[in-house]
Amino acid sequence: MSEIYMPRLSDTMEEGVISSWVKNVGDKVASGDVLVEIETDKAVMEYEAYEDGYLVQQSVSEGDTVPIGAVIGHIGETPDAVPEESSSGGAAAPTEEKTAESGTAGQEAPARPQGGGEQAPPQPAPSKPDGSGDSAGTRPRSSPLARRLAREYGLDIESISGSGPKGRIVRADIEAAAKQRPTEPEAAPAQAAAAPQAAADRQAFDDGRDSTELQVSNVRKVIARRLTQSKQEAPHFYLRRTIDAEGLKDFRAQINAQLESTGSKISFNDLIVKACATTLRAHPEVNRSWVDEKLLQHGRINVGVAVAVEAGLIVPVLHDTDKLALSEIGERSRELAGRAREGKLKPQEMSGGTFSVSNLGMYGMDSFSAVINPPEAAILAVGAMKQQPVVRDGEVVVRNTISLELSVDHRAVDGAVGAAFLKDLAEVLENPMRIVV
């Protein structure tokens with residue numbers, strides 16, 4: 001019998017939400033099969049099995065929030081195998097209430113060795129001072145989730161017949177029993193008992209704006225936490241520069257004309273991303289991070305590109321951006337952006353960034369100030385291309401321009417260093433042949 005643990009699927013992940021179980025209890029599982037879809041702080045990701053067998057238990061339900069390392073299920077050698085109660089309290093970890101129960105769950109059954117080895121002889125469970133501690137031999141077999149639901153519904157779990165393997169009581173049994181019982185005030189579920197308070201809370205929350213509290217996704221929670229952390233901990237300073245984009249516009253038109261037969265196109269953002277990578281190579285002192293009172297110099301240039309998705313903001317990373325051809329950056333950016341919107345990015349495609357680019361030009365924004373994506377030291381905000389009167393050779397002419405704003409973490413990069421970087425970046429973009437040479 002093997003336990004399935006909540007994995008760490010991104011470098012910033014602390015907990016995950018069970019989005020959906022792909023395999024059902026009793027299903028045959030082969031190594032590499034997708035077991036479950038997990039919503040992390042960045043996307044919904046597929047988690048694969050690492051061994052053959054049968055899924056014999058789903059320790060947590062869809063929608064539950066589970067910390068990293070907690071047990072979320074079990075794989076057995078036969079479809080009717082029944083796991084012992086987990087001494088790790090893994091199934092009891094998704095919520096604060098479950099965490100509080102983990103010590104009790106650890107006393108309900110003996111610890112068992114990993115990898116399906118020979119099981120250790122059971123030890124007698126210590127008695128509980130409140131008299132509620134029936135031994136594992138007399139208590140009906142039930143999942144931690146079933147026991148929690150029984151308490152919430154005010155049900156006596158010993159009076160419920162289990163439909164799971166070997167008579168194990170599962171969630172469906174508790175919910176069926178709750179529906180069949182007579183509706184009595186003293187037997188009302190915990191949720192019903194809390195309903196007046198919830199209604200009062202909603203009434204108190206309504207301040208005359210007809211507000212409704214929305215469900216917050218795991219991605220949105222992490223965005224809020226990390227960007228608040230960024231603004232509170234990283235002393236931001238901002239550098240602004242408007243570039244003449246006529247040369248960039250003509251350069252893009254020439255490249256796309258040459259790529260017309262391939263069906264590929266290069267965007268202005270692709271050119272800017274490549275220009276940033278080229279300039280970072282000449283200014284490695286910007287390709288740094290301040291982490292735990294340490295200054296890290298990154299040997300690789302990995303540019304992240306901000307992508308707006310329904311759940312929030314995702315930043316896929318183009319690894320070794322300085323070594324990629326423009327056509328590769330264009331293809332890879334579109335591929336990553338598409339998978340980001342579908343929630344199918346892999347962990348390695350969202351981690352390891354050393355610099356980021358955020359472009360709101362497609363929304364007509366003249367300029368904006370971006371929040372640094374920690375632990376990176378800088379992010380470039382790109383505005384829309386627009387025509388403006390400028391002075392050229394003593395005459396006022398109309399030229400296409402783009403506004404750039406560099407947000408910099410002063411702990412890792414000084415003002416003069418950031419200014420030198422933005423100055424060279426502007427010159428590269430105004431002389432775009434330098435992007436590819």
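**Close-up views of helix 8 and the strand pairings**

**View 1. A side-chain contact within helix 8.** The side chains of Arg339 and Glu335 are joined by a polar contact of 2.7 Å in this predicted model. Arg339 belongs to helix 8, which spans residues 326-342. Arg339 counts as buried because its relative accessible area is 17%, and the cut-off for a buried residue is under 20%. Leaving aside residues up to four places away in sequence, Arg339 touches Arg332, Lys344, Leu345 and Glu349.

**View 2. Helix 8 and the elements that cover it.** Helix 8 consists of 17 residues and reaches 24 Å from its first C-alpha to its last, which is close to the 24 Å expected at 1.5 Å a residue. Its buried residues are Leu326, Ile329, Gly330, Ser333, Leu336, Ala337, Arg339 and Ala340. The cover over these buried residues includes three helices, namely helix 6 (246-258), helix 7 (268-282) and helix 10 (433-436), together with strand 13 (307-309), strand 14 (312-314) and strand 15 (317-318). Just after helix 8, Gly343 adopts a positive phi of about 70°.

**View 3. The open sheet and helix 6.** An open sheet is formed by 6 strands in the order 9-18-17-16-12-15, and its pairing is mixed. Strand 9 (236-244) and strand 15 are the edge strands, each of them pairing on one side only. At the edge formed by strand 15, this strand is joined by 2 bridges to strand 12 (residues 303-305), and the two run antiparallel; within this pair, Gly304 stands opposite Val317 in strand 15. Helix 6 packs on the sheet, where it touches strand 9, strand 17 (378-392) and strand 18 (395-409), and the direction of helix 6 makes about 90° with that of strand 18. Strand 15 and helix 6 also appear in the previous view, since both are included in what covers the buried residues of helix 8.

**View 4. Strand 6 and its antiparallel partners.** Strand 6 (residues 53-58) pairs with strand 3 (residues 28-29) in the antiparallel sense over 2 bridges, and in this pairing Val29 of strand 3 stands opposite Gly53 in strand 6. Strand 6 also pairs with strand 8 (residues 71-76), again in the antiparallel sense, over 4 bridges. Here Gln58 stands opposite Gly73 in strand 8.

Notes. Residues numbered from 1 in each chain as written. Predicted model: local features only at pLDDT ≥ 70, side-chain atom pairs only at ≥ 80, totals over all residues. Heavy atoms only, no water. Buried < 20%, exposed > 50% of the residue type's maximum accessible area, 1.4 Å probe, protein only. Polar contact = N/O pair within 3.5 Å; in protein donor to acceptor, adjacent residues only side chain to side chain. Contact = heavy atoms within 4.5 Å. Pairing = 2+ DSSP bridges. Expected span 1.5 Å × (residues − 1). Axes fitted to C-alpha atoms, helices over the stretch in contact; angles between N-to-C directions.
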